[in-house]
Amino acid sequence: MRTLIALIACCFVTATASANDPPPIKAAPAKGIEPVRPHYPGAGNQGAKGSGGDASSSSASSSSSSSSSSSSSASSPRMSEREREAQAEADLSAKIAARLAVMRANQAARAAAQARAKKVAAVAAAAPPVQFRSNHWSYEGETGPANWGRINPDWAKCGSGNRQSPIDIRDGMKVELEQIAFDYKPSSFSVTDNGHTVQVMLSGGNFITIQNRMYELMQFHFHRPSEERINGKGYEMVLHLVHKDAEGRLAVVALMLERGRPQPTIQTVWNNLPLEKLETSTPSIVLDPADLIPQRRDYFTYMGSLTTPPCSEGVLWLVMKEPLQASPAQMALFSRLYPLNSRPIQPGSGRMIKESN
């Protein structure tokens with residue numbers, strides 16, 4: 001029994017020792033290729049000792065081989081690097097040259113564009129300005145009184161004149177003014193609704209005389225409300241009688257209208273109104289403008305302008321102090337046609353105003 005146990009123990013020790021032994025070394029690889037040996041603990045020193053001469057000689061030969069290989073190929077990479085640097089420098093120079101060419105081309109194009117612009121500006125400055133003309137005006141909106149001077153160059157006075165009408169008549173100098181000599185008579189007439197007012201044209205032969213000048217009555221028309229004011233007071237309507245002398249100078253007699261009894265001459269005009277705007281009615285009857293003149297002949301006078309385009313200045317204004325009466329129905333009829341057709345008050349600009357005593 002003891003012998004059997006000892007035999008089993010010996011077998012176990014033998015198996016354990018066999019398992020711990022290193023595997024057998026394989027045959028050496030082909031010439032020129034260094035064999036690869038696995039590392040085992042404790043086995044490195046023995047290998048080094050057992051093959052010391054072979055390891056050192058192999059190492060030396062390997063070292064000499066790599067030295068010769070590196071020395072033979074060292075010059076090639078250096079030459080390639082120099083070539084690469086030269087190529088990079090050449091590429092950079094080419095890019096700079098191309099960029100400079102583009103910049104010079106852009107500068108030349110800008111200079112040419114500036115030269116063309118200067119030439120166009122010089123031609124435009126030398127050419128006369130283009131002027132837009134229109135004959136359309138109104139009492140409101142873009143074509144209203146504030147813009148009359150810009151609608152047509154011939155109407156520049158409407159915006160730049162310093163003797164414009166109407167004005168608020170104040171601080172008149174009371175002096176002994178000569179009376180206005182009215183020489184009116186019954187005349188044939190025509191009535192036009194001209195799109196701005198009702199205008200009555202008269203045949204010749206009606207005159208006023210003032211300041212030793214004779215003016216012939218050409219037409220009269222209406223505004224609502226009154227364009228003129230007297231000491232800040234306005235009226236519901238005003239009637240303007242327009243006269244012209246032999247030299248073309250104008251004198252306008254202004255008659256304020258207030259509510260009262262019917263006015264026969266105004267009623268005659270209303271009875272003969274045309275049915276359409278811009279049309280003219282020519283009745284076969286006569287009209288006497290003398291019926292429009294009040295009994296009292298006191299007046300204010302000053303130098304002004306037309307109150308519609310072209311707003312020509314140098315117009316003698318004669319504003320009667322006593323208003324003319326018209327019935328509410330007569331005024332209402334006109335207001336249906338023209339509820340607003342008066343120019344706003346213009347600056348007095350220090351003008352002299354005379355008032356009869």
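## Notebook: cores, strands and one disulfide

**Entry 1, the cores.** I began with the largest nonpolar core, which has 36 residues; I208, F220, F222 and L241 are the ones that touch the most other members. Apart from that core I found another, of 16 residues, with V238, F300, W317 and I353 among them. A reminder to myself: in soluble globular proteins, nonpolar side chains tend to be buried together. I should also note here that I am working from a predicted model.

I then picked F220 and listed its contacts, leaving aside neighbours within four places in sequence. They are V198, Q199, V200, L202, L239, H240, L241, V269, L287 and L292.

**Entry 2, the whole chain.** I stepped back for some totals. The chain has 8 helices and 16 strands. Of its 357 residues, 31% are buried. Among contacts with a separation of 6 or more, 65% are between residues 24 or more positions apart.

**Entry 3, strands β4, β5 and β7.** I looked up β4 (187-193) and β5 (198-202) next. These two strands run antiparallel, joined by 5 bridges, and S190 stands opposite M201 in β5. They form a hairpin with 4 residues between them, and G195 in the turn has a positive phi of about 90°. I checked how covered β5 is: 4 of its 5 residues are buried.

β5 also pairs with β7, in the antiparallel sense, over 3 bridges. There I noted Q199, whose bridge partner in β7 is H221.

**Entry 4, T197.** Is T197, in the loop between β4 and β5, buried or exposed? T197 is buried, because its relative accessible area is 5% and the cut-off for buried is under 20%. I wanted to know what its side chain meets. A polar atom of that side chain lies 2.4 Å from the backbone oxygen of F222. F222 is familiar from my first entry, as one of the residues touching the most other members of the largest nonpolar core. Leaving aside neighbours within four places in sequence, T197 is in contact with T192, H221, F222, F334, Y338 and N341.

**Entry 5, strand β9.** I moved on to β9 (residues 237-244), which is mostly covered, with 7 of its 8 residues buried. Which strands pair with β9? One is β7 (residues 213-223), antiparallel to β9 over 7 bridges; here L217 stands opposite H243. Another is β10 (residues 250-259), which runs antiparallel to β9 and is joined to it by 8 bridges. For that pair I wrote down H240, whose bridge partner in β10 is A254. β9 and β10 form a hairpin with 5 residues between them, and G248 in the turn has a positive phi of about 90°.

**Entry 6, helix α7.** Which residues of α7 (residues 264-271) are buried? I found T265, I266, V269 and W270. They cover an arc of only 145° around the axis, so they sit on the same side of α7. It helps to recall that an α-helix has 3.6 residues a turn, so residues three or four places apart point the same way. On the other side of α7, P264 and N271 are exposed. V269 is also on the contact list of F220.

I looked at the N-terminal end of α7 too. Q263 caps it, with a side-chain oxygen 2.8 Å from the backbone nitrogen of T265.

**Entry 7, the disulfide.** How many disulfides are there? I count 1. It joins C158 to C311, with the sulfurs 2.0 Å apart. The torsion about the S-S bond is about 95°, so this disulfide is right-handed. The pair links distant parts of the chain, 153 residues apart: C158 is in helix α6 (residues 157-160), and C311 is in the loop between β13 (299-305) and β14 (313-320). Both cysteines, C158 and C311, are buried.

**Entry 8, L177.** My last stop was L177, in the loop between β2 (173-175) and β3 (181-183). L177 counts as partly exposed because its relative accessibility is 21%, and buried would need a value under 20%. With neighbours within four places in sequence left aside, L177 is in contact with Y299, T301, K354, E355 and S356. I also took one distance: L177 and I210, 33 residues apart in sequence, are 9.8 Å apart in space, C-alpha to C-alpha.

Methods
Residues numbered from 1 in each chain as written. Predicted model: local features only at pLDDT ≥ 70, side-chain atom pairs only at ≥ 80, totals over all residues. Heavy atoms only, no water. Buried < 20%, exposed > 50% of the residue type's maximum accessible area, 1.4 Å probe, protein only. Polar contact = N/O pair within 3.5 Å; in protein donor to acceptor, adjacent residues only side chain to side chain. Contact = heavy atoms within 4.5 Å. Core = buried A, V, L, I, M, F, W, Y, C linked by side-chain atoms within 4.5 Å. Arc of directions from axis to C-beta. Disulfide = S-S within 2.5 Å. Pairing = 2+ DSSP bridges.
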